[in-house]
Structures are given as structure tokens and as C-alpha cells.
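Subject: A structure for you to explore

Hi there,

Here is the structure I promised to pass on. Have a look at it first, and then read my notes below.

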Amino acid sequence: MHELESLFLLKGVVAALRFYDDGSLAEAAGDLDQIHAELAAELCYANGRFLQHNSDMFMTLSGMGGWAPRSWMMAGDELSVCGLSDVACFVRNGEVSFNDVFRTLAEINVR
């Protein structure tokens with residue numbers, strides 16, 4: 001949980017979650033009730049799998065390696081969700097530094 005809490009040191013982060021490789025919720029912190037955290041874990045897992053599929057297709061079609069999803073973001077008017085590997089967080093767009101969010105997500109994923 002301390003890894004998720006490191007995201008809360010960033011201004012604008014309202015919730016964070018980690019999910020297992022089947023899309024089920026591993027842990028959550030912040031302003032998400034259990035049902036929404038479970039649904040968010042499934043959505044974030046599915047989005048990551050979709051991006052992995054796309055990178056596989058880019059490699060096949062281009063004949064070049066190196067295509068891989070490094071991170072992703074889904075932007076809304078006021079809130080966005082940012083993800084990398086098995087961790088995602090929800091942020092308030094007007095308050096957050098997306099550079100800081102993605103840097104922290106990368107740091108979490110190398111631990």
C-alpha cells in the first residue's frame with residue numbers, strides 16, 4: 001500500500017489502485033468505494049491488454065520491434081485516469097502535473 005500512497009504526495013491525485021493480471025482488484029486507496037475500485041481495476045486491466053494487443057499488431061504490420069505501451073491516460077473534462085502496468089490513479093486535471101504522475105508510476109513499477 002505504501003507504493004500507492006506515494007501517488008498521494010502529488011497534488012491532484014484522488015485515488016489509486018493496483019490490480020492483478022486477471023483484472024481483479026489487489027488494493028485501492030483514496031476516494032473510491034469498493035464497487036467502483038473493482039470496476040476501475042477491470043477497466044484499467046482491459047485498457048492495458050488492449051494497448052498490448054495494439055503494440056503486437058504494430059510490430060507485425062511494420063516488421064519492426066520496439067512497439068510497447070509504456071503508460072496510458074484516459075482524459076475526461078475534470079478527471080483523468082493514468083496507468084502503467086498494474087497501477088493506475090485518478091487525478092483532477094486542473095490540479096495535477098501529469099509529468100509527476102507518470103514519473104511516480106514509473107518509479108512504482110521498478111520497485
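One definition before we start: the expected span of a helix is 1.5 Å times one less than its number of residues. Please also keep in mind that this is a predicted model.

Now try that rule on helix 2, which covers residues 34-62. With 29 residues at 1.5 Å a residue, helix 2 should span 42 Å, and its end C-alpha atoms are indeed 42 Å apart, so the two values agree. At the N-terminal end, Asp33 acts as a cap for helix 2, with a side-chain oxygen 3.3 Å from the backbone nitrogen of Ile35. After helix 2 comes Gly63, which has a positive phi near 75 degrees.

Which residues of helix 2 are buried? They are Ala37, Ala40, Ala41, Cys44, Asn47 and Ser55. Their cover includes strand 1 (13-19), strand 2 (25-30), strand 3 (72-75), strand 4 (79-84) and strand 5 (87-92).

Those strands are the next thing to look at. The 5 strands form an open sheet in the order 2-1-5-4-3, with antiparallel pairing. Strand 2 and strand 3 are at the edges and have a single partner strand each, so one side of each has no neighbour in the sheet. On average, and ignoring direction, neighbouring strands of this sheet are turned by 15 degrees against each other.

Strand 1 is a good place to zoom in. It is mostly covered, with 7 of its 7 residues buried. Strand 1 pairs with strand 5 over 5 bridges in the antiparallel sense, and Leu17 has Ala88 of strand 5 as its bridge partner. Strand 1 also makes 5 antiparallel bridges with strand 2. There, Arg18 is partnered by Glu27, and Ala15 by Gly30. The hairpin of strand 1 and strand 2 has 5 residues between the strands, and Gly23 in this hairpin takes a positive phi near 90 degrees.

How do the helices sit on the sheet? Helix 2 lies across strand 1, strand 2, strand 3, strand 4 and strand 5, and runs at about 65 degrees to strand 1. Helix 3 (residues 98-110) also packs on the sheet, where it touches strand 1, strand 3, strand 4 and strand 5, and its direction makes about 30 degrees with that of strand 4.

You can repeat the length check on helix 3: its 13 residues should span 18 Å, and the end C-alpha atoms are 19 Å apart, which agrees. The buried residues of helix 3 are Val101, Thr104, Leu105 and Ile108. These residues cover an arc of only 100 degrees around the axis, which puts them on the same side of helix 3. A general rule helps here: an α-helix has 3.6 residues a turn, so residues three or four places apart point the same way. On the other side of helix 3, Asn99 and Val110 are exposed. The buried residues of helix 3 pack against helix 1 (2-7), strand 1, strand 4 and strand 5.

Finally, find Ser80 in strand 4. Is Ser80 buried or exposed? Its relative accessible area is 3%, under the 20% cut-off, so Ser80 counts as buried. The side chains of Ser80 and Asn93 are joined by a polar contact of 2.7 Å. Leaving aside neighbours within four places in sequence, the residues in contact with Ser80 include Met73, Cys89, Phe90 and Phe98.

Enjoy exploring!

Best wishes

Notes
Residues numbered from 1 in each chain as written. Predicted model: local features only at pLDDT ≥ 70, side-chain atom pairs only at ≥ 80, totals over all residues. Heavy atoms only, no water. Helix = DSSP H or I, 4+ residues; strand = E, 2+ residues; numbered from the N terminus. Buried < 20%, exposed > 50% of the residue type's maximum accessible area, 1.4 Å probe, protein only. Contact = heavy atoms within 4.5 Å. Polar contact = N/O pair within 3.5 Å; in protein donor to acceptor, adjacent residues only side chain to side chain. Pairing = 2+ DSSP bridges. Axes fitted to C-alpha atoms, helices over the stretch in contact; angles between N-to-C directions. Arc of directions from axis to C-beta.
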